[in-house]
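User: Could you take a close look at the pockets in this model for me? I would like to know what lines them.

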Amino acid sequence: MTTTTTTPALTITPSRVLRSEWHKLRTLRSTWITVLTSAALLLGVGILMGATYTSDGGDSDVDTVVLTLYGSQLGGIALAVLGILVTAGEYATGMIRASLTAVPRRLPVLWAKAAVYTATVLTVSLLTALLTFVTAQAFLSDTDQAASLTDDGVLAAVAGNAAGVTLLGLIALGLGAALRSVPGAIGAFVGGVLIVPEILGMLPYLAMDTVVRYFPTQAAGALGSATPLPGAASPGAALLALLLWAAAALAIPALLLNRRDV
């Protein structure tokens, strides 16, 4: 008489889905390339701005946090590409079939990707922004741009810069999940998020100026300034606008995920 043993089916839990997505993110070469590129751009541009700055020059009226973290505009693009690769990259390689087979309900995969990406990028962006600000201030200590993290609004602006970059990347992640194409999502992000607001802002309509200030890149800029920018939204309104943009960018693929074939 033989006895057969059966292995119990592995229960799918949110923590296991998160662990799986974290493992995929940290083991991909593209993750390290994009994260290190973003950090190098932010730190490199910050040091350059600090080392070449002269008091009463053309940048003397620029907010000190904006000046030192100017490289976040370039670094943010690298992190947006990472967001697209997290979702659309799996469709390009076919890995998404295995992911959705393991998690038949599908939506937990999207939420786990978004959560892991947000936690990773926010941590990296915040630490890099803090390091860049402190390093740049070593060059600016004897200028009219000298500041410290304890000055009014500075630490909030540094944290706001990291939050803005993270939420822009989350929008890119949603575009990648919706379009399922790396080139298509990159084109949509560059065209729709970076270029379209600039074009709309040139239109001679007062109402358009009000609308554009709540577009993603403009809202992120308002979050990363220690002093109010002329014509920009308040930090609270800018953060709310970015959160709504990111929620909309994720809601679209969430609706499509259970309605389309893989």
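Analyst: Happy to; here is a walk through the two pockets, one after the other.

This is a predicted model, in which local features need pLDDT of at least 70, side-chain atom pairs count only at pLDDT 80 or more, and totals for chains, interfaces and linings use all residues. Residues are numbered from 1 along each chain as its sequence is written, and side-chain values use heavy atoms, with hydrogens and water left out.

A pocket here is an open set of points on a 1 Å grid over the protein atoms alone, where a 1.4 Å probe fits, with protein on both sides within 12 Å along at least five of seven lines; its lining residues have an atom within 4 Å of a point.

The largest pocket has a volume of about 740 Å³, counted as the space filled by probe spheres set on the points. Its lining has 29 residues, and Gln73, Thr217, Gln218, Ala220 and Gly221 are the closest to the centre. At least two lining residues each come from helix 3 (64-68), helix 4 (72-93), helix 7, helix 8 (182-201) and helix 10 (216-223); helices are DSSP runs of H or I with at least four residues, numbered from the N terminus. By class, 16 of the lining residues are nonpolar, 11 polar and two charged. Nonpolar covers Ala, Val, Leu, Ile, Met, Phe, Trp, Tyr, Cys and Pro, charged covers Asp, Glu, Lys and Arg, and the others, Gly among them, are polar.

The second largest pocket, at about 310 Å³, is lined by 18 residues, with Lys24, Leu28, Leu85, Val86 and Glu90 nearest its centre. Helix 1 (14-27), helix 2 (29-52), helix 4 and helix 6 (107-140) each give two or more residues to this lining, and helix 4 provides the largest share, six residues. Eight residues of this second lining are nonpolar, six polar and four charged.
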